[in-house]
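Let's take a look at one small sheet and the helices around it. Keep the 3D view open while you read.

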Amino acid sequence: MENEQTSVSSKASSEQTAGEITKTSTKKIAEQAAEWILLLGEADSEQQQQLRIDFEQWQQQDPLHAQAAQRVEGFVAQLSFFKDTDKPQHAGASKALKASLQQSQHRRRKKISHTVLGLFLIFTLPAAILLQNYPLAYLAADMQASSGQWHSHTLSDGSHITLAGKTALNININSQQRTLTLLSGEVYVDVAPDTTRPFVVETEYGSIQALGTRFIVNHLNNNKTRLSMIESKVLVTPASPTATTAAIIKAGEQIKLSANGLSPISVLDTAMQENRWQQHQLLVQGWTLAEVLSELSRFHRGYIHFNAEDLQTIQVSAVLPLNKPEQALALLAESFPTIQVQQFTPWLVIVKKAVKKL
Amino acid sequence: MSTEQTFFRHDNIDTLYSQHNRWLIGWLAKKVGCPHNAADLAQDTFVRIIKSRNALLGVREPRAYLITTAKRLMIDKARRRTLETAYLNELMVAAETLESYPSPEQTLQAIEALQHISQVLERVPAKAQQVFLLVYLEGKTQTATAEQLGITTRTVRSHLLKVLVSCQQHIDF
């Protein structure tokens with residue numbers, strides 16, 4: 001197999017020394033790049049290392065090789081955004097592509113007749129109108145923060161809340177109660193004291209009643225909600241009927257709520273939280289790179305594609321700016337020469353292990 | 001030399017517009033049945049030509065060129081509309097459950113990515129489209145895909161290669 005690859009590569013270079021890039025050799029390069037991607041996709045972890053080195057080598061032979069490789073890799077990465085079967089993007093992409101491809105088949109058969117053209121709609125939806133077609137719960141959410149944003153609000157009762165990164169929540173304040181429902185993301189709450197109306201944060205896995213305090217609730221991606229206490233205390237009641245009793249969480253403590261109830265109470269790093277919410281910085285110590293990228297992606301406008309397994313061995317201790325995630329990525333690229341951060345489109349960033357240059 | 005070329009091109013588009021815009025609007029109005037939309041479409045067609053890199057190079061029949069560009073434009077808009085509707089409908093269904101879902105920005109960008117993916121897939125036969133999506137969207141292995149469709153793994157690879165080659169083709173606009 002290796003010999004085959006070598007002979008194909010040298011054939012390509014001899015065609016180039018002929019001085020003219022013909023259409024055939026462009027197609028050949030495209031086919032080679034495609035072959036490489038297929039090989040890498042099929043290879044087991046043992047073969048991956050060597051294959052990547054060989055692939056890098058092939059790319060360095062000619063800028064056209066590198067360009068072809070970039071195009072295929074970029075295309076495959078675009079698709080991987082929709083790959084996670086747990087996320088709504090997956091079903092969305094599946095249905096959308098099916099509909100679009102059917103439409104193109106139909107078009108091929110009809111070969112653009114008068115009637116077909118007449119049915120084509122002309123308008124594309126600008127962003128504002130897009131929101132009207134948006135998922136119900138998100139639309140209904142009273143407040144949303146999209147990536148890279150820190151939104152602070154003062155509620156009608158005088159409480160302050162700050163939303164971090166991609167967050168959506170509902171607010172219901174009336175004469176009897178004050179309820180904040182966290183749908184997704186992360187919120188910092190500073191509750192105004194009011195003995196007549198309890199302040200409650202509802203989450204999927206339980207409710208958190210403030211006893212006049214400051215705390216943070218984070219709807220995590222792994223089916224858990226995390227509560228971090230900054231000041232005073234709260235009463236946490238798990239939603240699960242099988243779970244044990246409620247608990248009071250005090251300042252400096254942290255707890256996770258899940259379908260199974262409450263986790264044991266752990267200690268909170270208050271300095272880290274201050275950095276996060278005041279300076280908009282992420283203080284990490286001994287996190288894996290995969291964990292760091294997961295956190296950054298909540299603040300990054302687009303999509304950061306990376307292979308968690310690949311980057312698990314890299315440990316990061318750093319202070320990263322959360323309000324400028326591109327800067328954070330650049331910092332990471334600088335500090336870790338073993339990784340490569342590539343911006344494919346304004347939206348798509350790919351982070352992967354760099355291969356040693358020759 | 002390059003300044004000359006720029007003026008040359010500029011001059012050509014102005015001529016194209018002054019000589020054929022009215023005609024194009026008329027032609028489009030017959031096709032889409034609405035003069036207002038036709039005017040918008042004609043406008044977009046010229047914008048697309050101006051934006052494109054190879055605009056007007058070696059074009060002998062300006063009207064045929066305009067029609068081809070307008071048709072491509074309408075196809076792209078229809079594709080966009082189809083993708084958007086299907087994608088958003090699915091997101092709405094998924095939103096019933098309390099999960100974290102993408103922001104409007106992310107959704108817009110996802111739809112643009114799907115446009116590109118669809119354009120690439122439309123260039124290959126239906127079978128290749130199916131195989132490719134099973135492997136790269138559904139995450140099935142090549143062997144599992146071959147089994148499911150009753151074909152050899154060799155055929156699966158050949159289909160995948162078609163798409164991976166097609167995606168490198170430069171889309172003009």
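Which residue of β18(A) does Ile339(A) stand opposite? The partner is Lys353(A). Keep in mind that this is a predicted model.

That pair belongs to a bigger picture. β17(A) and β18 of chain A, which covers residues 348-353, run antiparallel and are joined by five bridges. Add β15 and you have an open sheet of three strands in chain A, ordered β15-β18-β17, with mixed pairing. Because β15 (303-306) and β17 (339-343) of chain A each have a single partner strand, they stand at the edges, and one side of each is left without a neighbour in the sheet. On average, neighbouring strands here are turned by 20 degrees against each other, if you ignore direction.

Now for the helices. Two that pack on the sheet are listed here:

| Helix | Strands touched | Angle between directions |
|---|---|---|
| α4 of chain A (residues 63-80) | β15, β17 and β18 of chain A | about 110 degrees with β18(A) |
| α10 of chain A (residues 289-297) | β15, β17 and β18 of chain A | about 165 degrees with β15(A) |

So how much confidence does the predictor have? Chain A averages a pLDDT of 76, and 79% of its residues score at least 70. Among the elements of chain A, α4(A) has the highest mean pLDDT, 91, while helix α7 (residues 127-132) has the lowest, 35. Over residues 1-20 of chain A, pLDDT is below 50, and that stretch has 17 contacts in the model beyond near neighbours in sequence. Residues 112-140 of chain A also stay under 50, with 61 contacts beyond four places in sequence.

Technical notes
Residues numbered from 1 in each chain as written. Chains lettered and ligands numbered in written order. Predicted model: local features only at pLDDT ≥ 70, side-chain atom pairs only at ≥ 80, totals over all residues. Heavy atoms only, no water. Pairing = 2+ DSSP bridges. Helix = DSSP H or I, 4+ residues; strand = E, 2+ residues; numbered from the N terminus. Axes fitted to C-alpha atoms, helices over the stretch in contact; angles between N-to-C directions. Contact = heavy atoms within 4.5 Å. pLDDT = per-residue confidence, 0-100.
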